[in-house]
Amino acid sequence: MEQDPLKTYWLKVYLWLQGLWLAKGLPLWGFELITMVLVPAAIFGFISANTMFLIWLERKVIGRIQNRIGPMLAGPRFLGRISPWFGGLLQTAADAMKLLLKEDILPARADKWVFYSAPVVVFVGAFMTYLVIPFGQGMIVSDLNIGVLYILAISSLSVIAIFMAGWSSNNKYSLLGGFRAVGQIITYEIPLVISILCVAMLAGSLKLTDIIEAQRNGWFLFALFPVFILFLASAVAEVNRSPFDIAEGESEIVAGFYIEYTGMRFAMFFLAEYASTFVAAALAATLFLGGWLPPVAVAPFTWVPSFFWFLLKTYLMLVALITIRWSWPRPRPDQFMEFGWKVLIPWSFVILFLTGLGIYSNLLWLVSLIFLAAILGAFVAHRSGLAATTRVQKVTI
Amino acid sequence: MIETSTVETEAFEVNVGPQHPSTHGVLRLVLKLDGEKVLSAKPVIGYLHRATEKICEARAYFQIVPFTDRLDYLGSMNNNWGYCMAVERLCDIIIPQRAEYIRVVLGELNRLASHLVWYGTFALDLGAVNAFLFSFRDREKIVDLLELYCGARLTYNAYRIGGLWMDLPEGFLDKLAVLVDYLEPKLDELEDLFTGNTIFVTRTKGVGVVTKETALAYGLSGPPLRSTGFRWDLRRDRPYSVYPKLQFEVPVGKQGDCFDRYAVRMQEMRESLKIIRQCMDTLKPTGPFRADVPLEVKPPPGEVYCAAESPRGELGYYIVSDGSVKPYRFKIRAPSFSNLCIMPELLKGVTVADVIAIVGSIDIVLGEVDR
């Protein structure tokens, strides 16, 4: 693997510090021990700050969509004066602070230990996935050779936590939410795994850095367009985000599994949801949009630090997810399961087969093109069908 | 199927409401659930009961108008209208043409505002948040105009027995023209968001189907009745005011499911705009806006039942007069109440998510149900 010497600042900083440490005559294990504490702490800090920023961003983006300006008061005022779209930067921090000070209520006859540990499990599960996310060249905590598998395994933890929360709260709404979450996450894990399998087949590795390197000659978005769609659909369902947030179902089962949680325990669920949304977007950026690779490998683009490209792509994905989230109605749970088992899973096998065929015959671009045409065709047909239905209504009504 | 499940399951009861984000007020639904499936549903009402009918029986006729505002607080104009019309019919008062036209404009504006609130909350019930804010953006403009006329944004108290409380203020008609031109494309925009959305269509098509016969048996009225294909609109079939002179369609659905109720209301909004457009020209020359009626009307002894087509259906007032300044008996036939009665039958066997969609699509206002 070719390492760009200019880009590996973090590795350089690490080696430089290590050199300083060793020059003092101190033992190597001491340095490793310190990094073992400091690096996770730094990651944790990044995750928290990033999650808070993400929540603020979401509120601003939906504010823009919904003809309002979103939070304005918390945070540096001068930013708000420059443009309302910069105001309220510290709103999430203020909200988190408020939640910290709230009373921690244990519902009557709740299963105490399960109830208390559920938010911790979901929090840990969401944050552990960050260990293998390649934020930039050389900016990865642990470059596991089964990185993708690791993310899938860890993110499956969340379903256990959600069911723990739903079961232990002693509330019928949360029980319903728990039921829904289990069914949903188990269903949508299958197409998710298959979509990642297609990527692994093409890249020839489960290691995330290898997958990125494999995209030097072109993003997998183009080669694996149908897989990208499949991945997006199942990833949104997997992280429990609207429109597939049937486990929360705010207007139906109020808040679903976390209805009984207050204060910081609620905040942990909330932060975990955004943290895993970020991971889903980061994974989409890594698997399909070339991760930290610049869009074009020519001069001005290659000067930009690699983590900038990664964050840019991830945030683009996030804004897309946010827009979808607030615009679409939520499907009914049974229809949603039906869609998963009867449409998405069979199609994912077809896509897997076609991808394999495409890789074998070197005609992957053709498969992608056909799918793109099919989706565009379906879209056009849908739009014209829509026009037809409205016309019909106007006539018959 | 070889063998049905041997796992023992237990039905459980869930109280949806009175505090629940999707019950539109203080409706309480006692649902008996088997997992997600509803075995039986029982609406429990009365949380907003204010004894309006009894209070009104202790008030003079002119004092009752503001009480009607508070029945269906989204359709106050139409509530005022029904009541004033009932008293006018009881006393044989003929009101000036101009007042009738102003009443039609205000009433239709109010219907638009009410349907827009319904659109937004229905979208919210289904989980789409943006649509709610879009519809409220447009409703805001209507409410601003109504505020210009009567100073209130929700409980208007604008109609009087024999006419209106005042003439149209200066600039009202210009603003009305601007508003109508603004709303026309916005309605397309709102419909674009949902009419073709696959998730929306699967959520609503074939859900909560009401047949024509059931609808009539339960006394449904308004959009829920029209969605079944039964063409019944008091503005057309029991014409009042100047509606016979106006050209408009009465949209009806086909199957009486949630989607048809949605489609009927969307279409009704267009028809309302059409009606307002027709009235605008006749309003330009000024004239009397109120018949010469004493403040304290004393209707002759007798009784009257008079109904207006409110945004929710047939809003009827039954008034018995004993010749004094107060009604002897004052009864309100609230459309939301009759429309709510079908819930136990409609909700049997659907899932929890459908309960919310059906309740939302029927569009009830609890202020009117409980009175």
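Trainee: In this predicted model, is Cys279(B) buried or exposed?

Mentor: Cys279(B) is buried, because its relative accessible area is 0%, and the cut-off for calling a residue buried is under 20%.

Trainee: Where is the closest cysteine sulfur to that of Cys279(B)?

Mentor: A disulfide is a covalent bond between the sulfur atoms of two cysteines. Here the closest cysteine sulfur to that of Cys279(B) belongs to Cys150(B) and lies 18 Å away, which is too far for a bond. Cys341(B) can be read in the same manner: the closest cysteine sulfur, in Cys258(B), is 18 Å from its own, so this pair too is too far apart for a bond. Cys341(B) is partly exposed, with a relative accessible area of 35%.

Trainee: How many disulfides are there over all chains?

Mentor: The count over all chains comes to zero disulfides.

Trainee: Let us turn to charged side chains. How many salt bridges does a search of the whole structure find?

Mentor: Side chains of opposite charge can pair when their charged atoms come close. In this structure the search finds 32 salt bridges over all chains. One of them joins the side chains of Arg98(B) and Asp167(B), with 2.9 Å from N to O. Arg98(B) belongs to helix H4 (residues 97-126) of chain B, while Asp167(B) sits in the loop between strand S5 (163-164) and helix H6 (172-194) of chain B, so the salt bridge ties together parts that are 69 residues apart in sequence. Arg98(B) is buried at a relative accessible area of 10%, and Asp167(B) is buried at 18%.

Trainee: Which residue meets Arg137(B) in a salt bridge, and which parts of chain B does the pair tie together?

Mentor: The partner of Arg137(B) is Glu189(B), and their side chains meet at 3.1 Å, N to O. Since Arg137(B) lies in helix H5 (residues 130-150) and Glu189(B) in helix H6, both of chain B, the pair ties together parts 52 residues apart in sequence. With a relative accessible area of 18%, Arg137(B) is buried, whereas Glu189(B), at 38%, is partly exposed.

Trainee: Which residue forms a salt bridge with Arg226(B)?

Mentor: Arg226(B) forms a salt bridge with Glu268(B), and the closest N and O atoms are 2.6 Å apart. The pair links distant parts of the chain, with Arg226(B) in helix H9 (residues 223-226) and Glu268(B) in helix H11 (residues 258-282) of chain B, 42 residues apart. Both Arg226(B) and Glu268(B) are buried. They also belong to one network, in which salt bridges that share partners join Glu108(B), Arg111(B), Arg226(B), Asp233(B), Arg235(B), Glu268(B) and Glu309(B).

Trainee: Finally, the sheet: in what order do its three strands in chain B stand, and which strands stand at the edges?

Mentor: The three strands form an open sheet in the order S6-S7-S8 (chain B), with antiparallel pairing. Strands S6 (302-310) and S8 (327-333) of chain B stand at the edges and each has a single partner strand, so one side of each is left without a neighbour in the sheet. From one strand to the next the twist averages 15°. Strand S7 (residues 313-321) of chain B pairs with S8(B) over six bridges in the antiparallel sense, and Ser321(B) has Pro327(B), in S8(B), as its bridge partner.

Trainee: Which helix lies across S6, S7 and S8 of chain B?

Mentor: Helix H3 (residues 76-91) of chain B lies across these strands, running at about 150° to S6(B).

Definitions and conventions:
Residues are numbered from 1 along each chain as its sequence is written. Chains are lettered from A and ligands numbered from 1 in the order in which they are written. This is a predicted model: local features need pLDDT of at least 70, side-chain atom pairs count only at pLDDT 80 or more; totals for chains, interfaces and linings use all residues. Side-chain values use heavy atoms; hydrogens and water are left out. Two strands pair if DSSP finds at least two bridges between them. Helices (H or I, at least four residues) and strands (E, at least two) are DSSP runs, numbered from the N terminus. Axes are lines fitted to C-alpha atoms, for helices over the stretch in contact, and angles run from 0 to 180 degrees between N-to-C directions. Contact means heavy atoms within 4.5 Å. A salt bridge is a side-chain nitrogen of Lys or Arg within 4 Å of a carboxyl oxygen of Asp or Glu. Buried means under 20% relative accessible area, exposed over 50%, partly exposed in between (1.4 Å probe, protein chains only). A disulfide is a pair of cysteine sulfur atoms within 2.5 Å.
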